[in-house]
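Trainee: I am new to this structure. Can we go through it step by step?
Mentor: Yes. Ask short questions, and I will reason to each answer.

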Amino acid sequence: MSPAEETAKILRQLGVNSGGGMPCCSPIDGSRIGSVTEASPVEVGAACAAAQAAFLAWRAVPAPRRGELVRLLGEELRSAKEPLARLVTLEAGKIVSEGLGEVQEMIDICDYAVGLSRQLYGLVIASERPEHRMIEQWHPLGLVAVISAFNFPVAVWAWNAALALVCGDPVIWKPSEKTPLTAAAVMALVGRALARFGDAPHALLQLLQGGRAVGAALADDPRIKLVSATGSTRMGRELGPLVAARFGRTLLELGGNNAMIVAPSADLALAERAILFSAAGTAGQRCTSLRRLIVHDSIADALVSRLRALIAKIPVGDPRDSVTLVGPLIDADAYDAMARACPDVERVDAVDGGHYVRPALVEVSAQAGIMLEETFAPILYVLRYSTFDQAIALNNDVKQGLSSSIFTNDLREAERFLSAAGSDCGIANVNIGPSGAEIGGAFGGEKETGGGRESGSDSWRAYMRRSTNTINYGSTLPLAQGVKFDLDA
Ligand code: UN1
């Protein structure tokens, strides 16, 4: 079956109505697999107005009941896991197991959010005043806009939407214009969950297709309290100030330039597997992909020649084929970016019309030039180090700060890497690669990665507003800090 035929079949099966002037192509062979309608500025405004009305109703629904909607969504995702994953493969080019993994990540965050819906805890704080009590409550924040990227076309929406929903917030989603159909398919599943839930307000979860103009309109609308955006640092640099100018909140997940240190004591068999998955997996198109390998001098020659041999054997090809480990780049622009960064890029003839490349390994003597940028393609730069301090300095000496890892069996090195003087990234791992995080931890990074945290841990707080309350249950009015303000009347 051609990508277009199979896409049409899945969309029918999931009950998705699409069509419009915005074409959508499969990276597998570049063929057109569907189209959607771009939202106009008027529609963006109308969506915000409808979501605002939904907010007033949804914030009054008890959080555990809000969790029930997320539980139902998790059920719909479980039952549609295969077709949705297949659509991810057709539209984003992920291999079969990564397509399934992406939907699993959605299911996982739903489960997580259901539990969270009974745990949106505040604090009880000791007051300095007699017969006073202080508490902290977390209230729904308001409208959340989710701007997501092509490389995780559905999971990143789920990270945000599952938490936003239990926190009491409506969500407006602008997916990447490269992956609009998977988004439409998710909305069909959302529709089923809403129907089973019964009495959720209209416009609680909306989808607006389109490009930059739609994203900018959302960023500009004061009714949107949080803009959660995943994409390039360039995108974040444009979007951040728009939202900041109206004192809105942003949750930014921007570029990464992730490194792995391989120390002399490393278990090299494990390290090799981790390097292959994190550098070549998803065709190097994860924000957590491994881009810089920092290897100790004493093991570098052997490791590099082993990696070259392994990379030569990686099955690159049609992502629908069960043996394939590396599928296509998303489009011609992605290929051009890789070719600019790596002029001797090796094209693989897999499927006509697609952009297939063999992952590249490039040895460099210093960290400079193009390797300081995030090229969204499978290029692994290899640097050598002699002292551990130098390795940590190299890890940190880029503008991005998303993910990092170390392979070592030396406890001191591992702990130093994780310490305050170690990796400066939002994610730092020991004896696993920098990519493929679970949903239970907070996900995000520092510096030009944008500072946002989504998914697990206490990331839910970004979707709520904090209210600090002081309650006086006594019959006097002592002032804080011992201030006296008594009028003798
Ligand atoms: C992304 O590439 O935008 O940690 C998200 C990972 C995935 C998420 C990546 N769980 O690689």
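**Contacts, core, sheets and domains**

Trainee: Leaving aside its neighbours within four places in sequence, which residues is Leu165 in contact with?
Mentor: This is a predicted model. Neighbours within four places in sequence are left aside here. The contacts of Leu165 are then Arg66, Leu69, Val70 and Ala113.

Trainee: Is Leu165 buried or exposed?
Mentor: Leu165 is found in helix H6. A residue counts as buried if 20 or more other C-beta atoms lie within 10 Å of its own. Leu165 has 28 other C-beta atoms within 10 Å, so Leu165 is buried.

Trainee: Which residues have the most contacts inside the largest nonpolar core?
Mentor: The largest nonpolar core has 146 residues. Those with the most contacts inside this core are Cys110, Ala113 and Ala162.

Trainee: Which helix gives the largest share of this core?
Mentor: Look for the element with the largest share. That share is 12 residues, and it comes from residues 155-167, helix H6.

Trainee: Why does this core lie between domain 1 and domain 2?
Mentor: Domain 1 covers 3-254 + 450-468, and domain 2 covers 258-441. Both give residues to this core, so it lies between domain 1 and domain 2.

Trainee: Which residues is Ala113 in contact with, leaving aside its neighbours within four places in sequence?
Mentor: Leu165 is in contact with Ala113, so to speak of Ala113 we start from a residue in its list. Ala113 is in contact with Leu165, and also with Gly67, Val70, Ala162, Leu163 and Val166.

Trainee: How many residues does the other core have?
Mentor: Another core lies apart from the one above. Cys425, Ile427, Ala437 and Phe443 are among its residues. The count is six.

Trainee: In what order do the strands of the six-strand open sheet come?
Mentor: The pairing in this sheet is parallel. Its edge strands are E14 (360-363) and E18 (427-430), and each pairs on one side only. The twist averages 20° from one strand to the next. The order is E14-E15-E11-E10-E17-E18.

Trainee: Which residue stands opposite Val262 in E11?
Mentor: Strand E10 spans residues 258-262, and strand E11 spans residues 290-296. The two pair in the parallel sense over five bridges. Opposite Val262 stands Val295.

Trainee: What angle does the direction of helix H10 make with that of E11?
Mentor: Helix H10 (residues 268-280) packs on the sheet. H10 touches E10, E11, strand E15 (379-385) and strand E17 (403-407). Helix H13 (residues 388-396) also lies across E10, E11, E15 and E17, running at about 150° to E15. For H10 and E11, the angle is about 155°.

Trainee: How far apart in space are Leu165 and Val262?
Mentor: In sequence they are 97 residues apart. In space, C-alpha to C-alpha, the distance is 41 Å.

Trainee: Which are the edge strands of the five-strand open sheet?
Mentor: The order in this sheet is E7-E6-E5-E8-E9, with parallel pairing. An edge strand pairs on one side only. That gives strand E7 (205-207) and strand E9 (249-253).

Trainee: Which residue in E9 is the bridge partner of Ala229?
Mentor: Strand E8 (residues 224-230) and E9 run parallel. Five bridges join them. The partner of Ala229 is Leu252.

Trainee: At what angle does H6 run to E5?
Mentor: H6 lies across strand E5 (143-147), strand E6 (171-174), E7 and E8. Helix H8 (residues 212-220) packs on the sheet too, touching E5, E6 and E8. The direction of H8 makes about 150° with that of E6. For H6 and E5, the angle is about 170°.

Trainee: Which helix gives the most to the side of domain 1 that touches domain 2?
Mentor: The C-alpha centres of the two domains lie 29 Å apart. The contact takes 24 residues from domain 1 and 22 residues from domain 2. Helix H4 (81-92) and helix H5 (96-116) each give two or more residues to that side of domain 1. With six residues, the one that gives the most is H5.

Trainee: What is the radius of gyration of the chain?
Mentor: The chain has 14 helices and 22 strands. The globule rule gives 23 Å for 489 residues. The chain's own value is close to that, so it is as compact as a globular protein of that length. The radius of gyration is 24 Å.

Note on methods:
Residues numbered from 1 in each chain as written. Predicted model: local features only at pLDDT ≥ 70, side-chain atom pairs only at ≥ 80, totals over all residues. Core = buried A, V, L, I, M, F, W, Y, C linked by C-beta atoms within 7 Å. Buried ≥ 20, exposed ≤ 12 C-beta atoms within 10 Å, placed from the backbone. Helix = DSSP H or I, 4+ residues; strand = E, 2+ residues; numbered from the N terminus. Domains from an automatic or database assignment. Contact = placed C-beta atoms within 7 Å. Pairing = 2+ DSSP bridges. Axes fitted to C-alpha atoms, helices over the stretch in contact; angles between N-to-C directions. Rg over C-alpha atoms; globule rule 2.2 N^0.38 Å.
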